[in-house]
Amino acid sequence: MEQAMHDPVDDGLTRLTALRAPATLDGIEAAVFAAIEEQARQRTAGRAAGMWSIAAALALGLAGGTMLASPAPAASPIGVDGALAPSTLLLGR
């Protein structure tokens, strides 16, 4: 008859399978999934707040820019002040 070799790893695994899981682990999956869902909800709320902040900043910038802007000077047909047009600069006027 062959003599079986005792492997300490096999012995440990055999003892481990005989143990019951602690009662504190019963609800761990539900707790993990609840935490993941809560983090997703917070990220969504954070994105919404960020988008509202950007929209408010843009609106404030546009409103402030239009209220504080001075009236635009009349533009020449070429888009430059007539005194700086190339034809006047070449003639020395």
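This report describes the fold, surface and salt bridges of a predicted model.

## Overall fold

The protein chain contains three helices and zero strands. Read along the sequence, these elements give the pattern α-α-α. One of the helices, α2, spans residues 28-68, and the salt-bridge residues R41 and E38 both lie in helix α2.

## Burial and accessible surface

The protein chain has 93 residues, of which 2% count as buried. Its accessible surface amounts to about 8,900 Å². Carbon and sulfur atoms account for 68% of that area.

## Salt bridges in helix α2

Side chains of opposite charge can pair when their charged atoms come close. In this model the count comes to two salt bridges. R41 takes part in a salt bridge with E37, where the closest N and O atoms are 3.6 Å apart. R41 also meets E38 in a salt bridge, with an N to O distance of 3.1 Å. Each of these pairs qualifies because the cut-off places the nitrogen within 4 Å of a carboxyl oxygen. Together, E37, E38 and R41 are linked in a network of salt bridges.

The positions of these residues along the helix are relevant to the pairing. R41 and E37 are four residues apart in helix α2, and therefore about one helical turn separates them. R41 and E38 are three residues apart in helix α2, which is also given as about one turn of the helix.

## Exposure of the network residues

How accessible is R41, the residue that pairs with both glutamates? R41 has a relative accessible area of 47% and is partly exposed. E37 is partly exposed as well, with a relative accessible area of 48%. For E38 the relative accessible area is 34%, so this residue too is classed as partly exposed. The class applies to values between the limits of 20% for buried and 50% for exposed.

## Nonpolar surface patch

A nonpolar patch of about 480 Å² lies on the surface. The residues that make this patch are L25, I28, V32, F33 and I36. Among them, I36 is found in helix α2, the helix that also holds R41 and E37.

I36 has a relative accessibility of 48% and counts as partly exposed. This residue can belong to the patch because patches are made of residues with over 30% relative accessible area and no salt bridge.

How values were computed: Residues are numbered from 1 along each chain as its sequence is written. This is a predicted model: local features need pLDDT of at least 70, side-chain atom pairs count only at pLDDT 80 or more; totals for chains, interfaces and linings use all residues. Side-chain values use heavy atoms; hydrogens and water are left out. A salt bridge is a side-chain nitrogen of Lys or Arg within 4 Å of a carboxyl oxygen of Asp or Glu. Helices (H or I, at least four residues) and strands (E, at least two) are DSSP runs, numbered from the N terminus. Buried means under 20% relative accessible area, exposed over 50%, partly exposed in between (1.4 Å probe, protein chains only). Patches are made of residues with over 30% relative accessible area and no salt bridge: like charges are joined within 9 Å, nonpolar side chains (Val, Leu, Ile, Met, Phe, Trp, Tyr) within 5 Å. Accessible areas come from the Shrake-Rupley method with a 1.4 Å probe; for residues, only the protein chains shown count as cover.
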